[in-house]
Amino acid sequence: MDAMTSPEARSAHNLPERSVSELSADLKRTVEETYSRVRVRGEISQPKLAGSGHCYLRLKDDTAVIDGIIWKGSYQKLTVRPEEGLEVIATGRLTTYPGRSSYQIVIDSLELAGEGALLKMLEERRRRLAAEGLFDPARKKRRPFLPRCIGVVTSPTGAVIRDILHRLRDRFPVPVLVWPVLVQGDGAAQQVANAVAGFNALPPDGPIPRPDLLIVARGGGSLEDLMAFNEEVTVRAVAASRIPVISAVGHETDTTLCDFAADLRAPTPTGAAEMAVPVRLDLLAQVRDDGQRLHGATRRLLEDRAMRLEGLARGLPPVDRMIEDYAQRLDDRWERLGTAARMTVDRRAAMVGQLGARLRSPAEQIAAKQGQLAQAAQGLDGAVRYTLKDRDARLTAVSGRLRPDAVARDVTRHQRDLDSLWARLGTAAARSLPEAERRLTAAAERLAVNSYQGILDRGYVVVRDDSGQVIDSRAPLKGGEAVTLQFRDGSAGAVITGSGSVAGGRRTPGRKGDDTRQETLF
């Protein structure tokens, strides 16, 4: 049989036997050693950020797909966040995942594959944020004409802050608060967003003045250098600011998403300072010019009013003549008033005399009333005498009709009736009381026969549990359970045995000093 075995078969039997885990480990080691550092260009597909902070995605081109993973620590350092459809160059190492027999790239860094991919990403982001209404002109706030304090978000070491402060000092010096931030690189976007939110969080009357206007500024640079002002977190912070924001990022030809979200866009940081405040000398000149114009207008108005007053005065008669006329009319009215007063008093006196002549004297009136009173007294005396006589006659007639004999007869008749009724009541009571006593005795005997104590007297026992409830069945009884047995002459405790029987003792009358005895009841 060995001679008939083929060389191929003999060679296969000579191969060492390997487990799946060993083979997977060899493959993993080979792939990681061969491709320990690679750069792969492709389009991001299905990016997903897990709850652990790791990011999973796929890189694809026209004909192939490779899985990718970005660990949490590397993801936080990325300058370009993975987005669907974004063309990038991923740098990392290849490894295998034995659990699914697949290979993947562990990405350490991402960079955009050319400016076209970056512009495509920014355009898609702009359309998405615009659809949310962040760039709506209706949301724009008006900048104050003359802010009392200005907040600047920029790098504290660059030329931008010096240009802004120099321009503000030349035009109209106002207090300036600078919030230093990174304007480029890792964490720059989050710092800018935190600065805008921090200025908005200042209390209006706090120890640090709250700015009336914000300037977000940066010098010029490439598109990649300005990416911090294109990040979504920065755009949302600028759009949510309650303080008006001027965006001054880059040169006039540079455009960022912050320019769309801000309330006003300046071509340069210096232009932002010029937009923020007016020129103080121009304001002074304007105020001076307006004051001169106001003074001239007031003077001309007063001259015109004086001229019109003088013209009206010429049309009026002399004042002394007008006073003389009114003085004469006053004297005439005074004389007529005195005459009218005297005439009124005389007329009233005559009317009083006429009325007094028609009135009778009090003595005459008293005498007339006395006569009327005497006549009324005579009439009242006669009426009283007549009434008394009439009442006396009527009383005599009534007293003649009253006799005591009739009342005595009624009293005697009612007394006889009362005696008869009392005798009948005694007879009825004598007949009914024995019958009622007999019925009551019979009912008491029946009650004693059927009473609870009577049943115990016939030899029955009541079994109760430890709560006092009556036990009327053997089913609830358990071995070792304590029960109470009630007899006709007392009660005793007992214990249920294992077989369901009851053993115990009861209290029975006996000799002095021997009050109880133990018995087996069942």
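Which residue in β3 stands opposite Lys60? The exercises below lead to the solution.

The model is predicted: local features need pLDDT of at least 70, side-chain atom pairs count only at pLDDT 80 or more, and totals for chains, interfaces and linings use all residues. Residues are numbered from 1 along each chain as its sequence is written, and side-chain values use heavy atoms, with hydrogens and water left out.

**Exercise 1.** Determine how β2 pairs with strands β1 and β3.

Solution.
- Step 1: Strands (E, at least two residues) and helices (H or I, at least four) are DSSP runs, numbered from the N terminus. Strand β1 covers residues 38–49, β2 residues 55–60 and β3 residues 65–70.
- Step 2: Two strands pair if DSSP finds at least two bridges between them. β1 and β2 run antiparallel and are joined by five bridges; Leu49 has Cys55 as its bridge partner in β2.
- Step 3: β2 and β3 are also antiparallel, with six bridges. Val65 in β3 stands opposite Lys60, and a hairpin of four residues joins the two strands.

**Exercise 2.** Establish whether Arg171 has a salt bridge, and list its contacts.

Solution.
- Step 1: Arg171 lies in helix α5 (residues 159–171).
- Step 2: A salt bridge is a side-chain nitrogen of Lys or Arg within 4 Å of a carboxyl oxygen of Asp or Glu. Lys and Arg count as positive, Asp and Glu as negative; His and the chain ends are not counted.
- Step 3: Arg171 is buried and has no salt bridge, and Glu274, the nearest side chain of opposite charge, is 5.0 Å away. Buried means under 20% relative accessible area (1.4 Å probe, protein chains only).
- Step 4: Contact means heavy atoms within 4.5 Å. Apart from neighbours within four places in sequence, Arg171 contacts Ala273, Glu274, Val277, Pro278, Val279 and Arg280.

Conventions
Buried < 20%, exposed > 50% of the residue type's maximum accessible area, 1.4 Å probe, protein only.
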